Each structure stands twice: as C-alpha cells, then as structure tokens.
Amino acid sequence: MQVVIKKVAVLSCLNEFILPIRVYYEDTDAGGIVYHANYLKFMERARTEWLRSFGVEQDTLAQQGFLFVLSQLSINYRKPALFNEQIYVSAMLTECQKASMLFTQQVWRQNSDNARELLADASVKVVCITQDTRRPTPLPPAIRNLIP
C-alpha cells in the first residue's frame, strides 16, 4: 500500500484516512513524551476529519439531532511520540452496523527508511444517539450513504 502524505489529509486506495499532526509542547509531559490521553484526542480528530472529508460536519448532524459517542475502546501503546515530531493518525472504517461504526486507528511516524514506525493502534466503536433521548439510533443518511 502506498500512502501519499499531504498537508491536510488524503485517502489511500484502502480508504484509510490519514491526518498529519505535529506534536506540540502542550501535548507532552515534562519529559517531552506525548501524554497517553492525547493519543485519544488525535484519534478523535482523525475520525472528525474523516467525516469532514466527505462533506459531513458534526455540528450539522447535531442540529439534526444526531450525536456520536464512543462506546468501546481498546488501545495499544507501542512506542512514545516525542515533542516536535511529525506523526500521522489514521482512521479506517472496518465495520458498520445500523447504529454504530467500528474504526481501526493507528498513530505512527515515518522512520528514516520512509516506513511506518507504529506508536499506537486502537479499535474504536462509535455509536450514533439522538440528542433528546441519548439512546442509540440508526446512522443518519448523510453517513449511511457513504458506505457501500
């Protein structure tokens, strides 16, 4: 699989969405290592930008009464990301059900051989709920129509 990294984000041939992120000092602890919770923030941004790449805005969905909540998360921290590094966060939709989406996500840096050096990977299940009842509801057509 060949992945082309651009300034914003791109889709590869496997529909993997990739978001480049620069690690800022605010993302790290005193030792310059990315704080563990920030990986989750980076992954959230990638999922949000994945939706945005299809012209779907979460605030518009919220105005229509649809919200997304994280219902399951499994993450593996493999190597630390460091201050001022350029890292990449991917989001790939791997399963879609009536009211939920399962994403496989990775955080990596490119090593000197231009290969991915995996820093963290996760499985993330997101459920669509209604704004008024906070109960699961079918995915809105704006998202359902994206999925073959």
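Reader: Which strand gives the most to the nonpolar patch?

Author: This is a predicted model. The patch on its surface is formed by Leu 40, Leu 70, Leu 73 and Tyr 77. Three residues of the patch come from one strand, residues 66–77. That strand, which gives the most, is E3.

Reader: How much accessible area do the residues of the nonpolar patch have together?

Author: The patch joins Leu 40, Leu 70, Leu 73 and Tyr 77. Tyr 77 lies in strand E3. Together the four have an accessible area of about 340 Å².

Reader: Is Tyr 77 buried, partly exposed or exposed?

Author: Buried means under 20% relative accessible area, and exposed means over 50%. Tyr 77 has 40% relative accessibility. That value falls between the two cut-offs, so Tyr 77 counts as partly exposed.

Reader: Which residues form one aromatic cluster with Tyr 77?

Author: The whole structure holds six aromatic pairs. Tyr 39 and Phe 42 make one pair, with ring centres 6.4 Å apart. Both residues lie in helix H1, three residues apart, about one turn of the helix. The cluster joins Tyr 77 to Tyr 39 and Phe 42.

Reader: Why is the pair of Tyr 39 and Phe 42 described as edge-to-face?

Author: A pair of aromatic rings is described by the distance of the centres and the angle of the planes. Planes over 60 degrees apart count as edge-to-face. The planes of Tyr 39 and Phe 42 stand at 65 degrees, so the pair is edge-to-face.

Reader: Are Tyr 39 and Phe 42 buried or exposed?

Author: The cut-off for buried is under 20% relative accessible area. Tyr 39 has 3%. Phe 42 has 0%. Tyr 39 is therefore buried, and Phe 42 is likewise buried.

Reader: What is the angle between the planes of Trp 50 and Phe 54?

Author: Trp 50 and Phe 54 form an aromatic pair. Their ring centres lie 5.5 Å apart. The pair is edge-to-face, with an angle between the planes of 80 degrees.

Reader: Which residue of this pair is buried, Trp 50 or Phe 54?

Author: Phe 54 has a relative accessible area of 35%, so Phe 54 is partly exposed. For Trp 50 the value is 6%. Buried means under 20%. The buried residue is Trp 50.

Reader: How many disulfides does the structure hold?

Author: A disulfide is a covalent bond between the sulfur atoms of two cysteines. Cys 96 is partly exposed, at 25% relative accessible area. Cys 128 is buried, at 0%. The number of disulfides in the structure is zero.

Reader: Where is Asn 84 found?

Author: Phi of Asn 84 is near 70 degrees, a positive value in a residue other than glycine. Asn 84 is partly exposed, with 46% relative accessible area. Its place is the loop between E3 and strand E4.

Reader: Is Asn 114 buried, partly exposed or exposed?

Author: Asn 114 lies in the loop between strand E5 and strand E6. Phi of Asn 114 is near 65 degrees, again positive in a residue other than glycine. Over 50% relative accessible area means exposed. Asn 114 has 58%, so Asn 114 counts as exposed.

Reader: How many helices and strands are there in the chain?

Author: From the N terminus, the order is β-β-α-α-β-β-β-β-α. Of the 148 residues, 39% count as buried. The chain has three helices and six strands.

Key. Residues numbered from 1 in each chain as written. Predicted model: local features only at pLDDT ≥ 70, side-chain atom pairs only at ≥ 80, totals over all residues. Heavy atoms only, no water. Helix = DSSP H or I, 4+ residues; strand = E, 2+ residues; numbered from the N terminus. Buried < 20%, exposed > 50% of the residue type's maximum accessible area, 1.4 Å probe, protein only. Patch = residues over 30% accessible without salt bridge, like charges linked within 9 Å, V, L, I, M, F, W, Y side chains within 5 Å. Areas by Shrake-Rupley, 256 points an atom, 1.4 Å probe, with all protein chains shown as cover. Salt bridge = Lys/Arg side-chain N within 4 Å of Asp/Glu carboxyl O. Disulfide = S-S within 2.5 Å. Phe/Tyr/Trp six-rings, centres within 6.5 Å; stacked < 30°, edge-to-face > 60°.
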